[in-house]
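Please open the structure in a viewer and keep the selection tool at hand. The stops below are best taken in order.

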Amino acid sequence: MLLRVKKVSDIASSEITPQATVEVFQRSRRDVLKGLGALGATTALGGFALEAKAETALKVVPTNYKVSDRETTPEAKAKSYNNFYEFGTDKGDPARHAGKLKTRPWTVKVEGLVKKPQTIDIDTIMAYRPIEERVYRFRCVEAWSMVIPWAGYPLGEFIKAMDPLPSAKFVQFYSDEDSKVMELPSGIEFPYQEGLRMDEAMHPLTLLTFGSYGQTLANQQGAPIRVIVPWKYGFKSAKSIVRIKFVEKMPATTWSDMSPDEYGFYSNVNPSVDHPRWSQAHERLLNSNSILPKVVPTLPFNGYANEVGAMYAGMNLRTYF
């Protein structure tokens, strides 16, 4: 195993939910799918033995990434209202169907412009650094948002360990494609692909994510490994990753390639740039069990402008949307 370890750490128009609808708040809660498949292997990790256990709880360390002005979304809501088109286009479909996804064994292939291409077991990746809990805003391009306590560590730390070549300017992510349990809507091709510019991927806010609410990711959230890029619309945060590729040129991404006039490569949260079919100036908070939605103004970069705005200095964010 080549991973070096420190000794100790969007969317078819027919499926868009109109902003005014309150249907989702009237639906009964669905049982949350939890748990991982049983693990029976012991993973070698830098000379140490890591015993993989079939547990859902995650040991996390707290950080200062908190959102004090908004309450955390109830766990049941966050895990029953999801976009994961491989398991259906209705918001409740992933929670109903994603239990079929087998998350062990699971490996991630690292390839492209990297000094040491390799395939790494998920438990080795999870053990590389302490897993942190970070409470982030999560904004969907459909104009709804949540506040979720994610668990992971900075993607940049993993990238450093992979030692990409200087010519690598972008990082491309490929989601799992299991035809036995997944079925994308007509017009969307497997595998689902996303990508980030290297400085975006290396930014400390970009989280290589393994859990939420103190537990491993629910399947419908993109188990067992995804990324969270909190200043971008949710579809930029690739789910159920099986390949990470370092490339020189801007990579193909599923939604941007399908509909480039609606979903740009950057997809930063920008209230002044509307989607062609609806406004992005406001968002519905899914942060409580209230029947009626609360609508608030959308914040530039989803409220993270101070942290990430400098990366886009000089760019026309209406052109590079």
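Begin by selecting F173, which stands opposite I244 in β13. Strands such as this one (E, at least two residues) and helices (H or I, at least four residues) are DSSP runs, numbered from the N terminus. The model is a predicted one, in which local features need pLDDT of at least 70 and side-chain atom pairs count only at pLDDT 80 or more, while totals for chains, interfaces and linings use all residues. Residues are numbered from 1 along each chain as its sequence is written, and side-chain values use heavy atoms, with hydrogens and water left out.

**The sheet around β13**

Next, display β8 (residues 170–175) together with β13: the two strands pair in the antiparallel sense over six bridges. Two strands are taken to pair if DSSP finds at least two bridges between them. Now add β4 (residues 107–112), which runs parallel to β13 and is joined to it by four bridges. Within β4, V110 has I244 of β13 as its bridge partner, and G112 stands opposite F246 of β13.

Widen the selection to the whole sheet, an open one of five strands in the order β5-β4-β13-β8-β9, with mixed pairing. β5 (118–121) and β9 (193–197) stand at the edges; each has a single partner strand, so one side of each is left without a neighbour in the sheet. From one strand to the next, the twist averages 20°; axes here are lines fitted to C-alpha atoms, for helices over the stretch in contact, and angles run from 0 to 180 degrees between N-to-C directions.

**The nonpolar core**

Which residues touch the most other members of the largest nonpolar core? Select F158 and F246, which do so in a core of 79 residues. Strand β7 (residues 144–154) supplies the largest share of this core, seven residues. A nonpolar core is a set of buried Ala, Val, Leu, Ile, Met, Phe, Trp, Tyr and Cys residues joined through side-chain atoms within 4.5 Å. Buried means under 20% relative accessible area, exposed over 50%, and partly exposed in between (1.4 Å probe, protein chains only).

**The loop before β13**

Move to S237, in the loop between β12 (226–228) and β13 (241–247). S237 is buried, with a relative accessible area of 1%. A polar atom of the S237 side chain lies 3.0 Å from the backbone nitrogen of V229. Apart from its neighbours within four places in sequence, S237 is in contact (heavy atoms within 4.5 Å) with F138, R226, V227, I228 and V229.

**Helix α3 and the charged pairs**

Select A95 in helix α3 (residues 93–97); A95 is buried, at a relative accessible area of 4%. The C-alpha atom of Q220 is 5.4 Å from that of A95, although 125 residues separate the two along the chain.

Finally, turn to the salt bridges, each a side-chain nitrogen of Lys or Arg within 4 Å of a carboxyl oxygen of Asp or Glu. The whole structure holds 17 of them. In one, K91 and E142 have their closest N and O atoms 2.9 Å apart. K91 belongs to the loop between α2 (75–78) and α3, and E142 to the loop between β6 (131–140) and β7, 51 residues apart. Are K91 and E142 buried or exposed? Both are buried.

Another salt bridge joins R197 to D199, with closest N and O atoms 2.8 Å apart. R197 counts as buried at 15% relative accessibility, whereas D199 is partly exposed at 32%.

Definitions and conventions. A polar contact is a pair of N or O atoms within 3.5 Å; within protein, one must be able to donate a hydrogen and the other to accept it, and residues adjacent in sequence count only if both atoms are side-chain atoms.
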